[in-house]
Amino acid sequence: MNARLQSIVFPFITLGFLVGGWLLATEVFSVPNFILPKPQAVWEVMIKGYVYGAFWKDIGATLSATLLGYLSGCTAGILLGALLAESKTFERFLYPFVVSLQSMPKVALAPVLIVWFGFGLMSKVVMVGLVCFFPVFINTIVGIRQTPAPLIAMMRSFSASRMDVFLHVKLKSALGHIFAGLQIAVVLSLIGAVVGEFVSSSRGLGYMIQVAQGNIDLATMFASLVGLAAIGIVGTQLVRLAHARIVFWDSDKRGGAISE
Amino acid sequence: MAVYYTALAAEGKGARRGQPMLKTDRLTVTYASSRGPVKAVDDFSLEITPGEFVSVLGPSGCGKSTVLSVAAGLLGASSGSVAVAGSPVTAPRREVGVVFQQANLLPWKNVLENVLLPIVAMRLPVEEYRERAEQLLDFVGLSRFRQHYPHELSGGMQQRVGIVRALIHDPKLLLMDEPFAALDAMTRERMALELQRIWSGTDKTVLFITHSIPEAVLLSDRVVVMSPSPGRIIEEFECDLPRPRNAETMALPRFGEYCNYLRKIFDQFEGKA
């Protein structure tokens with residue numbers, strides 16, 4: 001069996017063992033429903049929720065909060081990061097505050113955001129945007145600062161303007177770091193959305209988990225978790241794909257060079 | 001016999017009249033370091049006439065690259081002055097092309113785009129230079145690779161792209177900062193011969209920084225020797241081997257004599273220190 005096939009088959013074997021153990025616990029050792037739901041029960045809720053549409057409204061709510069927040073938070077992170085990396089003055093004004101904000105757990109702000117932006121979508125978007133902002137912001141600064149000095153000297157020797165140096169060299173050189181930030185932000189954005197929904201909301205996968213908790217309905221909780229995991233996996237893979245496509249010189253560095 | 005070369009140098013300079021392409025006058029560069037100011041270049045005066053190929057030869061860390069940085073307008077002089085074609089250098093200039101120790105190609109641009117980068121930076125019409133870029137790439141044997149990305153090329157090929165990039169805007173003065181130092185010995189020798197071939201077809205003035213004695217002798221009209229820090233000129237040497245020079249030049253007895261003469265200067269200096 002070649003390595004490629006193994007990387008596809010072996011995870012399924014692990015999954016088989018996990019589900020087998022799960023079945024064993026519920027069917028043979030009769031672990032009660034309110035502690036561990038039966039796999040069949042979770043499966044049923046998932047079919048009802050994801051296929052027949054009982055969860056669609058909630059997925060829509062979580063997805064739109066996550067996406068909108070992610071896009072706005074990451075855009076702001078890149079723009080402000082670039083500004084801060086390029087301008088010493090700007091940095092002196094803002095950096096101490098940015099650092100203190102960064103060390104604060106942003107999710108603790110959720111109640112405040114609910115008061116400011118209401119119970120609806122807006123407060124979740126702001127929450128997600130806030131948690132996405134920092135990794136992208138910091139990575140943009142680090143990436144731009146780590147631009148190899150010889151490349152900048154080269155550009156300057158050809159009379160390049162500061163804007164040219166920034167656009168042609170610094171920004172491109174920082175892309176690897178920026179994408180690493182975007183990757184982290186995917187996972188954080190889901191955390192932000194779910195926390196926002198936990199604190200106060202009337203829809204969303206996080207909201208569903210909370211309602212299910214009230215009913216000790218573990219099957220629904222599990223089904224919602226599967227949905228959240230799926231969103232996270234798809235998002236991460238999309239960003240990874242974009243990374244490999246856009247920063248192509250980074251990913252195939254190991255490709256052979258032509259020798260003379 | 002070696003003593004006469006310096007006298008010859010002075011004579012040769014007088015014969016070629018007109019404004020020097022590069023002139024440094026009592027150039028001194030001092031760096032601030034944690035242990036106080038360090039003098040990298042001291043009282044460095046040099047004139048290069050148009051079309052001349054001059055090497056600055058010195059041990060590593062003698063400040064020879066600093067001279068080039070000042071001439072390129074990338075670094076300010078602490079005292080003294082540098083002028084290109086008669087006007088003082090205060091910022092990078094368009095009549096100058098620089099080749100660096102590393103090829104310094106942008107990894108996200110292909111060979112042709114890298115070559116045309118100075119044109120973009122100088123806001124010149126890119127389309128008008130495309131043909132020149134193709135011709136230059138063809139001249140260094142890289143036209144097949146114009147769509148390739150730098151990481152797909154060997155070190156020697158990358159540095160050839162670097163040289164073509166420095167020539168794209170047709171500069172009058174080429175500044176080369178140990179351009180072959182990062183290459184292996186075999187490639188290095190081949191690149192020196194290649195540079196010799198490129199240069200002899202042009203009217204370019206070259207300031208070539210190196211720590212390789214044979215490289216300096218093979219390429220130069222004149223070799224300027226620098227002492228270790230603070231870098232100052234300790235010898236100027238006219239190198240009158242017949243042109244065009246090629247692999248056979250290195251087999252000439254005079255080539256060996258010149259190399260030995262320069263090596264002795266370094267040995268003498270080591271003895272004194």
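**Close-up views of a predicted two-chain model**

**View 1. Helix 6 and helix 8 of chain A pack against each other.** The axes of helix 6 (residues 121–145) of chain A and helix 8 (residues 162–199) of chain A come within 7 Å of each other and cross at roughly 155°. Because angles over 145 degrees count as roughly antiparallel, helix 6 of chain A is roughly antiparallel to helix 8 of chain A. The crossing of these two helices is right-handed. Sorted by class, the residues in the contact between helix 6 and helix 8 of chain A are 19 nonpolar, 11 polar and 3 charged. As with every view in this set, the model shown is predicted.

**View 2. Strand 4 of chain B pairs with strand 1 of chain B.** Strand 1 (residues 22–33) and strand 4 (residues 79–84) of chain B run antiparallel and are joined by 5 bridges. One residue pair can be located directly: Asp25(B) has Ser81(B), in strand 4 of chain B, as its bridge partner.

**View 3. A hairpin links strand 4 and strand 5 of chain B.** Strand 5 (residues 87–88) of chain B runs antiparallel to strand 4 of chain B, and 2 bridges join them. Ala83(B) has Pro88(B), in strand 5 of chain B, as its bridge partner. Between the two strands of the hairpin lie 2 residues. Within this turn, Ala85(B) has a positive phi of about 50°.

**View 4. Helix 2 of chain B is enclosed by the rest of the structure.** Helix 2 of chain B spans residues 64–71, and 8 of its 8 residues are buried, so the helix is largely enclosed by the rest of the structure. The buried residues of helix 2 of chain B include the polar-class or charged-class members Lys64(B), Ser65(B), Thr66(B) and Ser69(B). Also buried in this helix are Val67(B), Leu68(B), Val70(B) and Ala71(B). Just after helix 2 of chain B comes Gly73(B), which takes a positive phi of about 80°.

**View 5. Chain B meets chain A.** The contact between the chains takes 22 residues from chain B and 21 residues from chain A. On the side of chain B that touches chain A, helix 4 (117–121) and helix 6 (155–167) of chain B each supply at least two residues. Helix 4 of chain B gives the most to this side, with 3 residues. By class, the side of chain B that touches chain A has 15 nonpolar, 5 polar and 2 charged residues.

Definitions and conventions: Residues numbered from 1 in each chain as written. Chains lettered and ligands numbered in written order. Predicted model: local features only at pLDDT ≥ 70, side-chain atom pairs only at ≥ 80, totals over all residues. Axes fitted to C-alpha atoms, helices over the stretch in contact; angles between N-to-C directions. Helix = DSSP H or I, 4+ residues; strand = E, 2+ residues; numbered from the N terminus. Parallel < 35°, antiparallel > 145°, perpendicular 65-115°, else oblique. Left-handed = near helix turned anticlockwise from the far one by under 90°. Pairing = 2+ DSSP bridges. Buried ≥ 20, exposed ≤ 12 C-beta atoms within 10 Å, placed from the backbone. Contact = placed C-beta atoms within 7 Å.
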